[in-house]
Amino acid sequence: MSQVDNVLAALADPMRRRVLDLVAAQGPISASALAAELPVSRQAIVKHLAVLERAELVASARAGRENNFSVRSGALDATATWMASLASQWDQRLARLKRIAEA
């Protein structure tokens, strides 16, 4: 599976998107702190964070007895670049179709 595939699969789940949003908004944060703000258990948060970490969207760092999670932007940047390229290809195709239709 490619990096873009991993990112899209990870972000397909609405709860994972909420978790990622909170990590982005609050900086390094523990699974316990995330669970306090979301309507799911700490164990569920840990599972979502594991998927996000495999997709390289978050990174964990040990802080005492807990792991704190922070956003990693590289995989998201690569996915955005892929999406922009795809959009550009569609724009070119539509412009070509418009020229043909107007001719």
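**Helix α4 and its packing against helix α2**

Met15 is buried, with a relative accessible area of 16%. In this predicted model, Met15 belongs to helix α2, and a good way into the structure is to follow its contacts. Setting aside neighbours within four places in sequence, Met15 touches Leu38, Pro39, Val40 and His48. The pairing with His48 spans 33 residues along the chain, yet the two C-alpha atoms are separated by 7.8 Å.

That pairing leads directly to the packing of two helices. Helix α2 (residues 14-26) and helix α4 (residues 42-54) pack with their axes 10 Å apart, at an angle of about 80°. Since angles of 65 to 115 degrees count as roughly perpendicular, α2 is therefore roughly perpendicular to α4. On the α2 side, the contact is made by Met15, Arg16, Val19, Leu20 and Val23, which meet Ile45, His48, Leu49, Val51 and Leu52 of α4. By residue class, this contact of α2 with α4 comprises eight nonpolar residues, one polar and one charged.

Helix α4 itself merits a closer look. Its 13 residues reach 18 Å from the first C-alpha to the last, close to the 18 Å expected at 1.5 Å a residue. Within α4, Ile45, His48, Leu49 and Leu52 are buried. Viewed down the helix axis, the buried residues of α4 fall within an arc of 100°, so they line one face of the helix. The general geometry helps here: an α-helix has 3.6 residues a turn, so residues three or four places apart point the same way. On the other side of α4, Gln43, Lys47 and Arg54 are exposed.

The cover over the buried residues of α4 is not confined to α2; it includes the helices α1 (3-11), α2 and α3 (31-37), together with the strands β2 (58-63) and β3 (66-71). Ile45, His48, Leu49 and Leu52 thus appear both among the buried residues of α4 and in its contact with α2. Following α4 comes Glu56, which has a positive phi, near 65°.

A further buried position is found in another helix. Thr79 lies in helix α5 (residues 74-102), and at 3% relative accessibility Thr79 counts as buried, the cut-off being under 20%. Beyond its neighbours within four places in sequence, Thr79 is in contact with Val4, Val7 and Leu8. These three partners fall within the residue range of α1 (3-11), a helix that also helps to cover the buried residues of α4.

Conventions:
Residues are numbered from 1 along each chain as its sequence is written. This is a predicted model: local features need pLDDT of at least 70, side-chain atom pairs count only at pLDDT 80 or more; totals for chains, interfaces and linings use all residues. Side-chain values use heavy atoms; hydrogens and water are left out. Axes are lines fitted to C-alpha atoms, for helices over the stretch in contact, and angles run from 0 to 180 degrees between N-to-C directions. Helices (H or I, at least four residues) and strands (E, at least two) are DSSP runs, numbered from the N terminus. Angles under 35 degrees count as roughly parallel, over 145 as roughly antiparallel, 65 to 115 as roughly perpendicular and the rest as oblique. Contact means heavy atoms within 4.5 Å. Ala, Val, Leu, Ile, Met, Phe, Trp, Tyr, Cys and Pro count as nonpolar, Asp, Glu, Lys and Arg as charged, and the others, Gly among them, as polar. The expected span of a helix is 1.5 Å times one less than its number of residues. Buried means under 20% relative accessible area, exposed over 50%, partly exposed in between (1.4 Å probe, protein chains only). The arc is that of the directions from the helix axis to the C-beta atoms.
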